[in-house]
Amino acid sequence: MAAPVPELRRVCRQAWEPVLARARRAVVFLDAASAEALHWGGGGAGELLAAGALAVRALPAEAAAGAARAVFVVSGALRGGTAAAVRGVLGQGAVRHCVLVSGGEAEGGGPAELEETLRRWMGEGGRAEVVPRGPPLLAPVSAELCLLPALAALLPPLPGPGGPGPAEVGPAALPAELRAAVRALVGDLDALFASLGLREESFAVGALSRVVAAELASYAPARNRRRTATNKASVVFVDRTLDLAGAVGHHGDNLAEKILSVLPKLPGHKTDVMVNMVELTALQTTDETCSIIAPGCLAQPNDPAAKALWESFMNLKQKEAVMEARRHLVEAASRENLPIKMSMGRVTPEQLSSYIQLFRNNLKALENHCGLLQLVLATVQTLKHPQTSKWDNFLAFERLLLQTIGESEMPSVLNQLLPMIKSYKERTKDDYTCEDFLVLLVYMYSVVGEIRSGKELEAAEEEVKKALVKAICDEPEPSPLLQKITGCDSSLNLMSQKATDAVDDIFQSLRDIARARMHMKQFNSIHNAGSNTHQASYKPLLKQVVEEICNPDRPDPVDIEHMSSGLTDLLKTGFSMFMKVNRPHPGDHPFLIIFVVGGVTVSEVKMVKDLVATRKPGTQVIVLSSALLTPRSAIELLFATDRLQPDTNI
């Protein structure tokens, strides 16, 4: 097959073709996930405006359409809050012709019924057109990584105490909203694989992954597609919750990961960040919150030089990536004949800032290299950020935890943590905040695996809970993350009882996190205990899975389960018990897709890419996921109170 990376880029653009074809003299409305896909892979709002759109607006809309034509782009089906937002715009009466571009199955039936509904919302004389989208709306964050922004809140449920084993979890056992998310995911993947002409074998590691892989294997349109498609591929689904240490850990020496972790998010976006652009202007202010100048960002789909630099940030070690940023900046300055003084040796943020200043008063140079300057400014702001200096503290503490967990029981590890929990008044800038402790606790419980419970553990947990509740209640203004976890928007509303309930729920989840791998036979540990000659270390579950896939001996995988899609596969599996029949293996095909259900990190994507390149050269690999995680966003996904609320705001 053709190289999947350019193919994927083509598919990302293809999803926007029906919108571009209908954008002329219309106001285009996008929901948040569609906007994020357009931002990374559709060329940005500029593409829509170039196609003749009058304006590009967010859904739910704050203002009326102000035009007779409107195009609505929604990432999923027209239901719940999205339907209410579309109805709100159409109900104002200005729109006479509307187009809906959507994916998934709407609650209101097929396209004809939907068109009738839209006409009813517009009032008499309105014309409506419903366009089913081809490929799903993808956000191609790098050459090897694509996200499905519509499913950013998807996370496999944690196993409750005495809950069903993975083999017993079927679609019917899932909550309604999770069931809808699985259906949406299967539909999106089928549309994507159809665009790539894939005939896939599905494999799964983990309970929710089994459900997704089984649904995809038995999905009628997918079975029809596999009969005629020619490009063979293996798709391996992996549950995020089997290894949360990878999501909250600080193992990666990676510049992109640090930028995404420390800079504030772009409003309405789950992945991209705001880059402060004041340095390139004549506005003299040190105010971090100054919002007069529009922020920059990391996604530069229309700037080849900036895209190449971003790939370096994703794939190189931090030191090499920073040197690459300097090289790109020096080349750009030389091309514009700017008076740049070359200096060798270590790259400092101050040195990069001084190079950026050269572009400041030269509008042509600014315009030519705007994307590159945004990425270098993001680098400077990250290197100077106080949270970056904490990164190494986290890494050191995580390494210490790995040693201690191997030598001591969990209660003594918790007791060591206790004196470090300080309230707001006692903390210095180097001390850990409440959110930082949640990150460390998730890391600990995920690495340690199943814990022997007893009075000693309960007593140690109680002490840590009390200290955490006190620290949370002492915050003068709870951070946005703490507000989401406790359900309180200010310190006045934050009662001790609310904080206690939130912390109790967190510790129940932590116990469940520790139990997540209990049904695994081969991948039941992510902790190397160490010996007299080797330090204890963390062995990522994803690394173990990829090593097993690339194993040249091709042993029958124990925990990577093949999902049969028909009678032939079932017969193969049955006969293999007593005859020499080759069972399907995830390493069989030249194209490998790893789908991490619940989010993936930059370091994990790089690790998968490097492992496959060394262990199985010639195999092409891409990573798909529902979100790109940072330690803080992983904590929010786990503990925020309204993670997968049904979208019923009608």
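Helix 13 and helix 14 are roughly parallel to each other in this predicted model. Helix 13 spans residues 318-335 and helix 14 spans residues 349-357. The two pack at an angle of about 20°, and their axes are 11 Å apart; because angles under 35 degrees count as roughly parallel, the pair falls in that class. Helix 13 crosses helix 14 in a left-handed sense. On the side of helix 13, the contact is formed by V322, R326, L329 and V330, and on the side of helix 14 by Q351, L352, Y355 and I356. By class, six residues of this contact are nonpolar, one is polar and one is charged.

Two further helix pairs share helix 20, which covers residues 455-473. Helix 18 (residues 410-417) packs against helix 20 at an angle of about 15°, with the axes 9 Å apart, an arrangement that makes the two helices roughly parallel. The crossing of helix 18 with helix 20 is left-handed. Helix 18 contributes M410, P411, L414 and N415 to the contact, while helix 20 contributes E456, L457, A460, E461 and V464. The residues of this contact comprise six nonpolar, one polar and two charged.

The second partner, helix 19 (residues 434-448), meets helix 20 at an angle of about 155°, and the axes of the two lie 10 Å apart. Helix 19 and helix 20 are therefore roughly antiparallel to each other. Their crossing, too, is left-handed. The contact involves C434, F437, L438, L441 and Y445 of helix 19, together with E461, L468, A471 and I472 of helix 20. Eight residues of this contact are nonpolar, none is polar and one is charged. E461 of helix 20 takes part in the contact with helix 18 and also in the contact with helix 19.

Two open sheets were examined. Strands of a sheet pair through backbone hydrogen bonds, either parallel or antiparallel. One open sheet consists of five strands in the order 2-1-3-4-5, with parallel pairing. Strand 2 and strand 5 (127-132) occupy its edges; each has a single partner strand, so one side of each lacks a neighbour in the sheet. Neighbouring strands of this five-stranded sheet are turned against each other by 20° on average, direction ignored. Strand 4 (residues 97-102) runs parallel to strand 5, and six bridges join the two. Within this pair, V99 stands opposite E129 in strand 5.

The other open sheet contains seven strands in the order 6-7-14-13-9-8-12, and its pairing is mixed. Its edges are formed by strand 6 (139-142) and strand 12 (561-563), each with a single partner strand, so one side of each is left without a neighbour in the sheet. From one strand to the next, the twist of the seven-stranded sheet averages 25°. Strand 8 (residues 198-205) and strand 12 run antiparallel and are joined by three bridges. The bridge partner of A204 in strand 12 is E561.

Two backbone features were identified in loops. A cis peptide bond joins L59 and P60, with omega of about -5°. P60 is placed in the loop between strand 2 (55-58) and strand 3 (69-73); both of these strands belong to the five-stranded sheet. R25, a residue other than glycine, has a positive phi near 55°. The loop that holds R25 runs between helix 2 (17-22) and strand 1 (27-30), and strand 1 stands between strand 2 and strand 3 in the order of the five-stranded sheet.

With respect to confidence, the protein chain has a mean pLDDT of 86, and 90% of its residues reach 70 or more. Over residues 644-650, by contrast, the pLDDT is below 50; this stretch has 16 contacts in the model beyond near neighbours in sequence. Where pLDDT is low, the predicted coordinates should not be read in detail.

Definitions and conventions
Residues numbered from 1 in each chain as written. Predicted model: local features only at pLDDT ≥ 70, side-chain atom pairs only at ≥ 80, totals over all residues. Heavy atoms only, no water. Axes fitted to C-alpha atoms, helices over the stretch in contact; angles between N-to-C directions. Helix = DSSP H or I, 4+ residues; strand = E, 2+ residues; numbered from the N terminus. Parallel < 35°, antiparallel > 145°, perpendicular 65-115°, else oblique. Left-handed = near helix turned anticlockwise from the far one by under 90°. Contact = heavy atoms within 4.5 Å. Nonpolar A, V, L, I, M, F, W, Y, C, P; charged D, E, K, R; others polar. Pairing = 2+ DSSP bridges. pLDDT = per-residue confidence, 0-100.
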